[in-house]
Each structure stands twice: as structure tokens, then as C-alpha cells.
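Thanks for sharing this one. Here are my notes, point by point, to read alongside the model.

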Amino acid sequence: MSKPIILLPVDGSEHAMRAAEYAIKIARQMDAHLRLVYCHRPFPVRLGEPYFQNAINQIMDRANTMLEPFRTMLKEKGAAFDDLVIEGPPGEKICEIARIEKCEMVIMGSRGRSDLKGLFLGSVAHRVLQQAPCPVLVVR
């Protein structure tokens, strides 16, 4: 039987770093595997070569640079994890991954916007709270 999966979406913010700290603690208690996720903007499909490949390289370099502090933290704490870089709107993709991977839980940071602002601004945390197929812990 495989370990339960806890989804840990990150965006490079301090809120995401705090969420990672909680995720490590909870993963230990549950003997779970962490799946670190970063969602990037869509690849520019109208560019020809070599511009298209250059754009992809820049997006992936930024994703890896952003993920590195999280990878380092998880390695130092001995957490079992893997990471995933995916294209698309974060709120939608986080819920999709949680559904496909049958995640036990999503742990994510929030920038702390109010419910009203979250509704108007399309808050990622707000969308995940409404649509995720599993429990969601939002860390501020």
C-alpha cells in the first residue's frame, strides 16, 4: 500500500514557506508523501523558434529557482517528497491534481485577503477551499 499524498502548492511567498513547515509536521504524523507543486503561466504558443524554446527555458528556470528553497527545506527536514511543475491557473490545477492523485489533503499558504477581496480577486486559496475534493489547510 502506498503512502497518502499531501499536496503542497507553492508560489515562493513567505506564506507558502510557512505552509511547508506545517506540511512537514503533518506528513510525519500521517506517514505521508509530500507533492510540491508550482503552477506557471501558459507557454506562449505563438512564438516561433528559437523564441518559443527560450520562453520555455525562462519559465522553467524561474520555476526551479522558486522551488529550490522549498526542496532544500524538505530535504533538510528529511521529508519524503517529489515536485511537479505544471502549466495553468493555480486554483484549477491544484484541484485537478488533488482529484487525479487522490490526495489526502492540500496544505497551502494564503496572502490573508478577506473573503470579499478573495471573491473579487479570484484568490487561489478561496478557489481551492471551494473546489478541492479533500480537506484543505490554509496557512497565513
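1. Let me begin with the contact of helix 3 with helix 5 in this predicted model. On the helix 3 side, the residues are Pro90, Gly91, Glu92, Ile94, Cys95 and Arg99. They meet Val124, Arg127, Val128 and Gln131 of helix 5. Sorted by class, this contact has five nonpolar, three charged and two polar residues.

2. The geometry of the pair is worth a look as well. Helix 3 covers residues 90-100, and helix 5 covers residues 124-131. Their axes come within 8 Å of each other and cross at roughly 35 degrees. The crossing of helix 3 and helix 5 is right-handed.

3. Now to the sheet. It is open, has five strands in the order 3-2-1-4-5, and its pairing is parallel. Strand 3 (81-87) and strand 5 (136-139) form the edges, each pairing on one side only. On average, neighbouring strands of this sheet are turned by 20 degrees against each other, with direction ignored.

4. How many bridges join strand 2 and strand 3? Strand 2, residues 33-40, pairs with strand 3 over seven bridges in the parallel sense. If you would like a place to look, take Tyr38, whose bridge partner in strand 3 is Val85. As a general reminder, strands of a sheet pair through backbone hydrogen bonds, in either a parallel or an antiparallel arrangement.

5. Which helices lie across strand 4 and strand 5? Helix 1 (residues 14-30) lies across both, and also across strand 1 (5-9) and strand 2. Helix 1 runs at about 155 degrees to strand 4, which spans 105-109. Helix 5 also lies across strand 4 and strand 5, running at about 165 degrees to strand 4. Helix 5 thus appears twice in my notes: it meets helix 3, and it lies across these two strands.

6. Last, the aromatic rings. The structure holds zero aromatic pairs. There is, however, a charge over a ring: Lys25 lies over the face of Tyr22, at 5.6 Å from the ring centre.

Definitions and conventions: Residues are numbered from 1 along each chain as its sequence is written. This is a predicted model: local features need pLDDT of at least 70, side-chain atom pairs count only at pLDDT 80 or more; totals for chains, interfaces and linings use all residues. Side-chain values use heavy atoms; hydrogens and water are left out. Rings of Phe, Tyr and Trp (its six-membered ring) pair if their centres lie within 6.5 Å; planes under 30 degrees apart count as stacked, over 60 as edge-to-face and the rest as tilted. A charge sits over a ring if NZ of Lys or CZ of Arg is within 6 Å of the ring centre and within 35 degrees of the ring normal. Two strands pair if DSSP finds at least two bridges between them. Helices (H or I, at least four residues) and strands (E, at least two) are DSSP runs, numbered from the N terminus. Axes are lines fitted to C-alpha atoms, for helices over the stretch in contact, and angles run from 0 to 180 degrees between N-to-C directions. Contact means heavy atoms within 4.5 Å. A crossing is left-handed if the near helix is turned anticlockwise from the far one by less than a right angle, and right-handed if clockwise. Ala, Val, Leu, Ile, Met, Phe, Trp, Tyr, Cys and Pro count as nonpolar, Asp, Glu, Lys and Arg as charged, and the others, Gly among them, as polar.
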